[in-house]
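Q: Can you take me through the packing and one of the pockets here? Start with what you mean by a core.

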Amino acid sequence: MSNFLSPEIIDKITSVLIKKLTEKEKQIILKQYGECSFQVIRAEVSYILTEKKEIIEQRKEVNFSFLYTIVRNYFQDKFLKGRIQHILKEKSLPEFSGKSISRSVIAFLFAEEMVEIVANHLSSKELETLCWMMFNKKYPSEENPFLSALSREAKYKRWNRLKPKLNSLFKEYGSLNEEEFVLFCELYMSKICKKFRLKG
């Protein structure tokens, strides 16, 4: 792809990127540039590809997926730095014994991001179903407060329907390692499941 700096390619990358931006990322762009518009993102995409021109030209084969990954990684690094500064400033990072701050922050940020992604892509019923399963795993001997109106069979049917959708989300946005998964469950239960318990 010799014309990777063409207006058509830049427009396409910009369009895909905008669709995948989370609310946190949009807020960071808004604070930095004063607006989160197609024009602002497009200018940044053009800048990134121009800066990475030498690296791109060294590749034998350049496709859209490769170009998009370069741009997305740049944005994620930028957002990550912004979120790390915010978390350290607010002192909202949990303590992790025996682990470095930088590693803990990254794990926390990724888990937090995945909670938001899941919350934005699942229905209320699906969110409660995930709460039900997490509670089952964490407190197997206690009475589960979620999906209380459904039979045991109906609950497992909901869970079986939800699993492929969850797998698809994690495949698209990134898999979790063990540390990140534990954090994801803790954050999900405290942020999402707590709301269902308060309603009940």
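A: A nonpolar core is a set of buried Ala, Val, Leu, Ile, Met, Phe, Trp, Tyr and Cys residues joined through side-chain atoms within 4.5 Å. Buried means under 20% relative accessible area, with a 1.4 Å probe and protein chains only. This is a predicted model, where local features need pLDDT of at least 70 and side-chain atom pairs count only at pLDDT 80 or more, while totals for chains, interfaces and linings use all residues. Residues are numbered from 1 along each chain as its sequence is written, and side-chain values use heavy atoms, leaving out hydrogens and water.

Q: How many residues are in the largest nonpolar core?
A: 32, and Val118, Leu130, Leu166, Phe184 and Tyr188 have the most contacts inside it.

Q: Which helices supply it?
A: H6 (101–121), H7 (124–138), H8 (152–173) and H9 (178–199) each give this core at least two residues. Helices are DSSP runs of H or I, at least four residues, numbered from the N terminus. H9 gives the most, with 9 residues.

Q: What does Leu130 touch?
A: Leaving aside residues up to four places away in sequence, Leu130 touches Val118, Trp159, Leu162, Leu166 and Tyr188. Contact is heavy atoms within 4.5 Å.

Q: Now the second largest pocket. Which residues are closest to its centre?
A: Leu130, Met134, Phe181, Phe184 and Cys185, out of 17 that line it. A pocket is an open set of points on a 1 Å grid over the protein atoms alone, where a 1.4 Å probe fits, with protein on both sides within 12 Å along at least five of seven lines; lining residues have an atom within 4 Å of a point.

Q: Which helix gives the most to that lining?
A: H9, with 6 residues.

Technical notes:
Buried < 20%, exposed > 50% of the residue type's maximum accessible area, 1.4 Å probe, protein only.
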